[in-house]
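Please look through the sequence and the structure shown here before reading on, and keep both in view as you work through the report.

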Amino acid sequence: MEFGVFTVSDITRDPTTDKTPSEAERIDATVEIALAAEANGFDVFAIGEHHNPPFFSSSPTTFLAYVAAKTTTLKLSTSTTLITTNDPVRIAEEYALLQHLAKGRMDLMLGRGNTAPVYPWFGQDIRAALPLALENYNLLHRLWREDVVDFEGRFRTPLHGFTSTPRPLDDVPPFVWHGSIRTPEIAEQAAYYGDGFFANHIFAPSKHSLRLINFYRERYEHYGHGSAKQAIVGLGGQAFVAKNSQDAINHFRPYFDSAPVYGNGPSMEDFMDMTPLSVGSPQQIIDKTLTFRETFGDYQRQMFLIDHAGLPQHTVLEQIELLGSEVIPVLRKELAAKRDPEVPKTAPTHAELVTAKYGDDEPRQPRPRANRGDNVTGGSPYLDSPEAGGAAFGLR
């Protein structure tokens, strides 16, 4: 099981001090959160993508590349990369470059996002959101696996003889998660390609997420990628932990009550009963998280949202320390003891994907031929392409 923290990069007023951090303060704080996650034994850090205030993460790859340079073991991911309003060519290029810079310590989660105005900002129509997501990923999937792509679709200009650069590290694409709150077509897409499925699992009861996860697992097996047990599932979650439960409740309540996403709705206690939100002592967080396995079976990645709603930085760092020292080690032990041996422990690493493709052979390292001055001639620009004779002679 992988454990991680994720952020949506919100810049929210602290209701207890009436202070709103600046963008600069929040960006620096989020770097500190990622570094603290690694230092406290977390496996994954993920950041979302937004293009409007009060969020700062308009360029996840830039942020994650910076974090990659400052970490050694932390896997870097997104929550979410917008597959609808980003050009899939740019996604292919930017995340392949991040993959190189991070030496394979990355993956990404694709989703449609939840900010309706972003569609016209990037020249798209929200009414076409689902077909956009399906078509754009079809192209992205090919751009990472084919040196030369010809493509015609509904939503972008055609590509003729196009090569996305750089090629993925070791010519092995990053692992992809497809994230969704309510859409079975996205679960179907994840299953069709043999990718991971990530259930947001924050705002709704677990039984809501269970329907999508069960459907994804059934379709994963249907498409021949393995048994339903072997499908790769991730869950979101929210937690606020303190040494004792009453301190946790008292501390978190003003943030919950003022939070834009759930303030002025159900009480915090009702929200905790109805959704995966965990507020309490380390043991209470452990107990609530273990119920996820009872509901969903074994899964591969658990992410926690812990820096939202205006929580001050010192409190967020305390959360990371408590989760890392008192919660995650127990969850690792408990979940490992119960895990079905047929179920993968984690999402595949880059090294595992390389081995799956090449076995004991050396991975491909694409080397371009001499500069042709364009990217539209149609032939492969690489020395090991069949037309250059490279593949026949084993040139890598």
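The sections below treat one strand and its neighbours, a patch on the surface, and some points of the backbone.

## A strand inside the structure

The model is a predicted one, and a good place to begin is strand S13, which covers residues 301-305. Five of its five residues are buried, so S13 is largely enclosed by the rest of the structure. The cover reaches both faces of the strand, since Arg-301, Met-303 and Leu-305 are buried on one side, while Gln-302 and Phe-304 are buried on the other.

Strand S13 also pairs with other strands. With strand S1, made up of residues 2-7, the pairing is parallel and runs over five bridges, and in one of these contacts Gly-4 has Met-303 of S13 as its bridge partner. Strand S10, residues 233-235, likewise runs parallel to S13 and is joined to it by two bridges; here Gly-234 is partnered with Arg-301 of S13.

## A nonpolar patch on the surface

On the surface, Ile-181, Phe-203 and Val-261 form a nonpolar patch, and together they have about 270 Å² of accessible area. Of these residues, Ile-181 can be placed in the loop between strand S8 (176-180) and helix H6 (184-193). Its relative accessible area is 36%, so Ile-181 is classed as partly exposed, a term that applies between the 20% and 50% limits.

## Cis peptide bonds

Two peptide bonds deserve attention here. The bond from Pro-53 to Pro-54 is cis, with omega near 10°, and Pro-54 lies in the loop that connects strand S2 (44-47) and helix H2 (60-70). Thr-165 and Pro-166 are also joined by a cis peptide bond, for which omega is about -5°, and Pro-166 sits in the loop between strand S7 (159-162) and strand S8.

## Positive phi outside glycine

Which value of phi does Lys-103 have, although it is not a glycine? The angle is positive, at about 55°, and Lys-103 is located in the loop between helix H3 (88-101) and strand S5 (108-111). With a relative accessibility of 67%, Lys-103 counts as exposed, because the limit for that term is over 50%.

Asp-170, which is likewise a residue other than glycine, has a positive phi near 60°, and its place is in the loop between S7 and S8. Is Asp-170 buried or exposed? The relative accessible area of Asp-170 is 13%, so this residue is buried, the cut-off for that term being under 20%.

Note on methods. Residues are numbered from 1 along each chain as its sequence is written. This is a predicted model: local features need pLDDT of at least 70, side-chain atom pairs count only at pLDDT 80 or more; totals for chains, interfaces and linings use all residues. Side-chain values use heavy atoms; hydrogens and water are left out. Buried means under 20% relative accessible area, exposed over 50%, partly exposed in between (1.4 Å probe, protein chains only). Helices (H or I, at least four residues) and strands (E, at least two) are DSSP runs, numbered from the N terminus. Two strands pair if DSSP finds at least two bridges between them. Patches are made of residues with over 30% relative accessible area and no salt bridge: like charges are joined within 9 Å, nonpolar side chains (Val, Leu, Ile, Met, Phe, Trp, Tyr) within 5 Å. Accessible areas come from the Shrake-Rupley method with a 1.4 Å probe; for residues, only the protein chains shown count as cover. A salt bridge is a side-chain nitrogen of Lys or Arg within 4 Å of a carboxyl oxygen of Asp or Glu.
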